[in-house]
Amino acid sequence: MNTITTLKRGAITIHAIPVLNDNLVYLVCREDAALLVDAGEAAPVKAMLESEQLRLTGILSTHRHGDHTAGLSKLQPLVCSSATVASVHTISVPGHTPDDLAFYLPDAGVVFTGDALINGACGRVPSAEAAVTLYESLQRLAALPDDTLVLGGHDYLQENMRFALAENPACTAARERLECYRIDAPGAIFATIAEEKSTNPFLQSANADDFARLRQRKDRF
Ligand SMILES: [Zn+2]
């Protein structure tokens with residue numbers, strides 16, 4: 001995905017902004033107030049704030065990795081309002097790092113999942129123990145309402161669906177999602193919890209051991 005995608009969710013407008021190689025950051029807006037989710041790079045966010053005449057009200061960070069935080073020092077000084085854009089429920093989703101967070105906005109029906117649940121797959125883990133932790137974190141995300149839209153930290157959708165099909169060649173839903181990417185990349189990337197459950201093999205593991213083995217196969221894929 002190489003252009004900004006705008007999603008309307010009731011009174012909330014979300015701009016998904018591609019930054020760096022394949023990262024995604026999000027501006028969550030109500031009228032002219034905007035909340036940023038992740039800050040991998042400052043310039044594209046700054047340009048969007050200026051072109052849409054938005055006031056930055058705060059920055060949420062899903063986790064500490066540099067490709068999600070490198071723009072923080074330049075963007076933090078731009079916070080100029082304390083207006084509330086939306087009510088945010090923070091969900092602890094460790095595993096990829098020890099303290100990943102997801103942000104669920106019930107009024108907009110979206111969840112920002114960083115590198116815990118990346119659309120179509122999940123983040124890497126540093127150890128077998130962390131794989132168990134991430135498995136448990138993904139169970140919490142999978143328990144959100146089925147129509148919740150998942151907004152992850154990267155566009156790895158093609159690779160992720162190819163892996164899903166390598167694991168389960170009969171998965172029609174994964175094949176359709178991969179085909180959809182070619183004509184409508186954002187439509188394929190941004191999927192609901194229900195669609196993630198039907199296409200994302202990491203939400204289909206029967207237990208933590210199966211999940212850890214699946215994650216190892218993905219590392220080698
Ligand atoms: Zn990361």
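**A tour of the sheet, the hairpin and helix H5**

In this predicted model, begin with the open sheet, in which five strands follow the order S6-S7-S8-S9-S10 with mixed pairing. Select residues 89–92 for strand S6 and 191–192 for strand S10: these two stand at the edges with a single partner strand each, so one side of each has no neighbour in the sheet.

Stay at the S6 edge and add residues 101–105, which make up strand S7. S6 and S7 pair in the antiparallel sense, over four bridges. To see the register, show Ser 92 and Leu 101 of S7, which stand opposite each other. Strands of a sheet pair through backbone hydrogen bonds, so display the backbone atoms here.

Next, go to residues 5–9, strand S1, and residues 12–19, strand S2. The two run antiparallel and are joined by five bridges. Thr 5 stands opposite Ala 16 in S2. Two residues lie between the strands of this hairpin, and Gly 10 takes a positive phi near 65° there.

Last, select helix H5, residues 157–167. Which residues of H5 are buried? They are Leu 157, Asn 160, Met 161, Phe 163 and Ala 164. Look down the axis of H5: the buried residues fall within an arc of 155°, so they line one face of the helix. The general background is that an α-helix has 3.6 residues a turn, so residues three or four places apart point the same way.

To see what covers the buried residues of H5, add helices H6 (172–183), H7 (185–189), H8 (193–199) and H9 (208–220), which are included in that cover.

Terms used:
Residues numbered from 1 in each chain as written. Predicted model: local features only at pLDDT ≥ 70, side-chain atom pairs only at ≥ 80, totals over all residues. Buried ≥ 20, exposed ≤ 12 C-beta atoms within 10 Å, placed from the backbone. Arc of directions from axis to C-beta. Contact = placed C-beta atoms within 7 Å. Pairing = 2+ DSSP bridges.
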